[in-house]
Amino acid sequence: MENQPRSTVDRNRRVILFPLPFQGHINPMLQLANILYSQGFSITILHTNFNAPNTCNYPHFTFKAILDNDPHDERYSNLPSQGFGAFSRIFVFNQYGADALREELKQMLVLGKDEPPVSCLITDGIWYFTQSVADSFNLPRLVLRTSSLFCFLVYASIPIFDNRGYYKLDSTHLEDQVAEFPVLKVKDILKLGIRSKNDAGGELMGNMVKQTKASAGIIWNSFKELEGLEFERVSHDFQVPSFVLPFPKHFTSSSSSLLEHDRTFFPWLDQQPPNSVLYVSFGSAGQVEEKDFLEIAHGLVDSKQSFLWVVRPDFVKGSSTWLETLPDDQFLGEKGRIVKWVPQQEVLAHKAIGAFLTHSGWNSTLESVCEGVAMICSPFWGDQPLNARCMSDVWKVGVCLENGWQREEITSAITRVMVDEGGEGIQERARVLKQKLDVSLIKGGSSFKSLESLVDYISSFHVNKN
Ligand code: UDX
């Protein structure tokens, strides 16, 4: 892509990257790998067999499967692979992964089985077990945080939330402001899915934060014009070098998709007037009850706007056949298209797209910002409520559905953003934010400089020459 800083290295250094095996984490890690490759580094990707990346799309990388290689290893073989249960793997891999990673790094670093020599290890922040393994080889470990800086600061505050009793508040306090993060409501931090600093999620995030603090640096998929204050605060509180760059502006995430993309709708999309189609997608993992699915469907149809809706086959809980819950084939009418999975960035960049009804996953949020598309935010859990709040209440490039999925609220939000005169302000701010992002990528801009610093930093590591 244009506006890339100079390539300073001559593919004589290798970077090992290790993504968490879920779509929202694989995408940014593979985008980062492409960015570093374009800057002259050789790339090795460590991955699990569960949700293994599509290696064919990356002939220039070396791939190595670790952790769950042995199908008879009972620690991994009986874990759920679908739905929310699949996330239990995160805990199991963190618990048992150290030996396998140590053995793999020994092959590469001590026995010299990987050429060229290794500069550093970059792992997903959630892979907290990797820090002590990297330390045992004196190998610098950088963390890739796949969510926003703001979200990281919130996760780092879980012990404070716990001590101040937020998790024990009853439902009359859901709309209260969170004193430590005034933009947030109590319901937003309850939706993180954590109820104590000592429950499984609280401990996972505590370990993530602790081992990120112990790392050699943090790479953020964001940009400083969006999260400048958070950047200052993270740099101050954590004393670890931070590098902030918007990955989707360098490489799309489509080559790391775990699902096949449908492209058959593009001729239809091409025929739609500019800014007239609502794109609807709830990411790779969220699921809804049948009644919610129907509320969304009615809300979309009642808005009378054209829409392109991604409905993954497992999107509706307990639904065995795709779309069985819709009233009838004619229900969507001429204006609505439903597809299973799309090349999302390409869709968001399409001139016909006028807004995005999203679950506010961080990748989707940033991809939308990159294309200047206004958002209607309907988060499930985790970082999504935080992203939604920032987009609607701080940047004002979207609106939040405050009450889950109710057809009237969905219809009125779509109308507000896409039809009413007031929506033009939201659309305009989305365009301005995109412009700021674009400027940050030009030579001398913050994102441009951040990439230069990252390349210089990785190049400065003492290379293990075996
Ligand atoms: C999860 C969390 O939900 C998210 O909040 C966290 O920040 C990362 O992990 P996910 O729910 O999948 O991710 O959402 P998101 O972060 O938005 O990532 C979805 C990815 O799938 C995006 O890169 C998007 O482009 C891609 N996608 C989505 C497609 O390629 N096709 C589609 O049809 C829909």
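**Note on the sheet and the ligand site**

1. Start with one residue pair: Val-280 has Leu-357 of S13 as its bridge partner. This is a predicted model, where local features need pLDDT of at least 70, side-chain atom pairs count only at pLDDT 80 or more, and totals for chains, interfaces and linings use all residues. Residues are numbered from 1 along each chain as its sequence is written, and side-chain values use heavy atoms, with hydrogens and water left out.

2. Strand S10 (residues 277-281) pairs with strand S13 (residues 353-358) through five bridges, in the parallel sense. Two strands pair if DSSP finds at least two bridges between them. Strands (E, at least two residues) and helices (H or I, at least four) are DSSP runs, numbered from the N terminus.

3. The open sheet has six strands, paired in parallel, in the order S12-S11-S10-S13-S14-S15. Strand S12 (336-339) and strand S15 (398-400) each have a single partner strand, so one side of each lacks a neighbour in the sheet. On average, neighbouring strands are turned by 15° against each other, direction ignored.

4. Helix H11 (residues 290-303) lies across S10, S11 (306-310) and S13. H11 runs at about 155° to S11. Angles run from 0 to 180 degrees between N-to-C directions, with axes fitted to C-alpha atoms, for helices over the stretch in contact (heavy atoms within 4.5 Å).

5. Which residues reach oxygen atoms of the ligand with polar side-chain atoms? Asp-383 does so at 2.5 Å, and Asn-363 at 2.8 Å. A backbone N or O atom of Trp-362 lies 3.3 Å from a ligand oxygen.

Terms used. Polar contact = N/O pair within 3.5 Å; in protein donor to acceptor, adjacent residues only side chain to side chain.
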